[in-house]
Amino acid sequence: MSAVPERRRAPALDVAVVGGGMVGAAAALALAKAGFATALLEARAPQPWNVADEVDLRVVGLAPSSIALLDDLDVWTSIRESRSGPYAHMHVWDGESGAAIDFDAAAEGRDLLGHIVENNLVQWTLWQALETAGVRRLCPAEVRGIEEREDRAMLELADGESLSARLVVAADGAASPLRGMVGIATRGRDYAQRAVVAHVATERGHGQTAWQRFLPTGPLALLPLADGRSSIVWSLPDDEARRVLALSDEDFMRELGVASDFRLGRIVSTTKRAAFPLRLQLAGNYQAERFVLLGDAAHAVHPLAGQGVNLGLRDVAELRDVLAEARAAGRDFSAPHVLRRYARRRRSADTLDARGFDALARIYAWQAPPLVVARGLGVRLLDRLAPLKRRLAEHAAGF
């Protein structure tokens, strides 16, 4: 942990990353390992992860592209061996028409489709790796202002100190104060839904399969945990989510069993429940002078495809590669044309994915019988079109 006097004396850094969640910590680690003098600023240090603790309610389905990045950062083996739930199959079905589509890792020439891992485990492992990589961790630290100068950006901190860097990376979440400070607007829509999360035990094992049922009220996912239980992500209208949160455990398990079509049999036990609001949000630009956005600060998407963190980690890989390429060529890595290259590539890809997830959410909200029939026919056709289904699987994997 850097002391205040060191911050006063320090020369300008190459990069200051603001936000120490999974994506921000991965960005700081990736840039440091690429040879950039990097600092990470975070308001609150993550809770230490311990294998004896209950599994964190917030989990992420890490795609192969994310696993490849974490492996490149020398943290994946530790995460995988600590506690992760591999899955090789995915079964998605329509609660109205019954139409289903299946994805199988072996059919794609891979061992697995991904791993279900606790958010806290990923963040804690990355956080621990920062120090050995030479990243200056400033925590607690809160940015109150940002000023662009000729050769650097100046960050004014809440404790009255300042920090300078050639580039500021904002990974400070969907509400991103830094995004507002530089005047980047967002657009999107509130889904008026909440995702209810819990971990449940079921009569039958999950079979290393991710299950997802689309209901008129929103999708329900059952994701395979390492201990044999399933993590549920149940998207519901706000009022319905509040009602479900208030149910007794017995009533909750009964309703969840019905909603999941009892695909894994009865729900036999549950943890506490929590919920978080759902929103589509896209930044109008990912770049300003000596400044870029990544992760939720750039894009917040519907969780129906489980791709939010994966998109953020793809931002990290792209930013690292663009900056390293510029520096290797002897160019200023923080120059506007370099940052535009990152912003153009990732904003295009993220927008395509976010709009695709939004379109799926709208399509599965259809309840008129003719539209339900048409939707079912489309899903059944897609399941039979192996080349197109393979392309979808490769895209989800990040390839």
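**Chatting through a predicted model**

Modeller: Let's start with helix 2, which is mostly covered: eleven of its twelve residues are buried. Bear in mind that this is a predicted model.

Biologist: Okay, which residues of helix 2 are the buried ones?

Modeller: They are Met 22, Val 23, Gly 24, Ala 25, Ala 26, Ala 27, Ala 28, Leu 29, Ala 30, Leu 31 and Ala 32.

Biologist: And what covers the buried residues of helix 2?

Modeller: The cover includes three strands and two helices: strand 1 (13-18), strand 2 (38-41), strand 3 (59-62), helix 5 (119-132) and helix 9 (308-328).

Biologist: How far does helix 2 reach from its first C-alpha to its last?

Modeller: Helix 2 covers residues 22-33 and reaches 16 Å, close to the 16 Å expected at 1.5 Å a residue. After helix 2 comes Gly 35, with a positive phi near 100°.

Biologist: You mentioned helix 9. How many of its residues are buried?

Modeller: For helix 9 the count is 15 of 21, so that helix is mostly covered too. From first C-alpha to last, helix 9 reaches 31 Å, close to the 30 Å expected at 1.5 Å a residue. Helix 9 is followed by Gly 330, and the phi of Gly 330 is positive, near 80°.

Biologist: Let me zoom out for a sec. How many helices and strands does the chain have?

Modeller: The chain comes to twelve helices and 20 strands. Of its 399 residues, 53% are buried.

Biologist: And what share of the contacts with a separation of 6 or more comes from residues 24 or more positions apart?

Modeller: That share is 74%. For two residues far apart in sequence, take Pro 369 and Glu 96: they are 273 residues apart in the chain, but their C-alphas are 9.2 Å apart in space.

Biologist: Where does Pro 369 lie?

Modeller: Pro 369 is in helix 11, which covers residues 369-384. Pro 369 has a relative accessibility of 60%, so it counts as exposed.

Biologist: Switching to strands. Is strand 14 mostly covered or mostly open?

Modeller: Strand 14 (residues 218-224) is mostly covered, with seven of its seven residues buried.

Biologist: How does strand 14 pair with strand 13?

Modeller: Strands 13 and 14 run antiparallel and are paired over five bridges. They make a hairpin with two residues between them. Trp 211 is opposite Leu 222 of strand 14.

Biologist: What about strand 15, how does that one join strand 14?

Modeller: Strand 15 (residues 230-237) is also antiparallel to strand 14, with five bridges joining them. One bridge pair there is Leu 220 and Trp 234, the latter in strand 15. These two strands form a hairpin as well, with five residues between them, and Gly 228 in the turn has a positive phi of about 95°.

Biologist: What about positive phi outside glycine, say at Gln 208?

Modeller: Gln 208 has a phi near 50°, a positive value. As background, most residues other than glycine have a negative phi. Gln 208 lies in the loop between strand 12 (186-202) and strand 13 (209-215). With a relative accessible area of 35%, Gln 208 is partly exposed.

Biologist: And Asp 261, what's its phi?

Modeller: Near 65°, again positive in a residue other than glycine. You'll find Asp 261 in the loop between helix 8 (249-259) and strand 16 (267-270). Asp 261 has 35% relative accessibility, so it counts as partly exposed.

Biologist: Which two residues does a cis peptide bond join?

Modeller: Cys 139 and Pro 140, where omega is about 5°. Pro 140 belongs to the loop between strand 8 (136-138) and strand 9 (143-148).

Biologist: Last topic, cavities. How many of 30 Å³ or more are there?

Modeller: The count is one cavity of 30 Å³ or more. The largest cavity has a volume of about 60 Å³.

Biologist: Which residues line the largest cavity?

Modeller: The lining consists of Val 55, Val 59, Arg 83, Ser 84, Gly 85, Ile 116, Val 117, Glu 118, Leu 225, Ala 226 and Asp 227. By type, six are nonpolar, two polar and three charged.

Biologist: And where does the largest share of that lining come from?

Modeller: From strand 7 (residues 114-118), which gives three residues.

Terms used: Residues are numbered from 1 along each chain as its sequence is written. This is a predicted model: local features need pLDDT of at least 70, side-chain atom pairs count only at pLDDT 80 or more; totals for chains, interfaces and linings use all residues. Side-chain values use heavy atoms; hydrogens and water are left out. Helices (H or I, at least four residues) and strands (E, at least two) are DSSP runs, numbered from the N terminus. Buried means under 20% relative accessible area, exposed over 50%, partly exposed in between (1.4 Å probe, protein chains only). On a 1 Å grid over the protein atoms alone, a cavity is a set of points where a 1.4 Å probe fits but cannot get out, and a pocket is an open set with protein on both sides within 12 Å along at least five of seven lines; lining residues have an atom within 4 Å of a point. Grid points are joined across faces, edges and corners, and a volume is the space filled by probe spheres set on the points. Ala, Val, Leu, Ile, Met, Phe, Trp, Tyr, Cys and Pro count as nonpolar, Asp, Glu, Lys and Arg as charged, and the others, Gly among them, as polar. The expected span of a helix is 1.5 Å times one less than its number of residues. Contact means heavy atoms within 4.5 Å. Two strands pair if DSSP finds at least two bridges between them.
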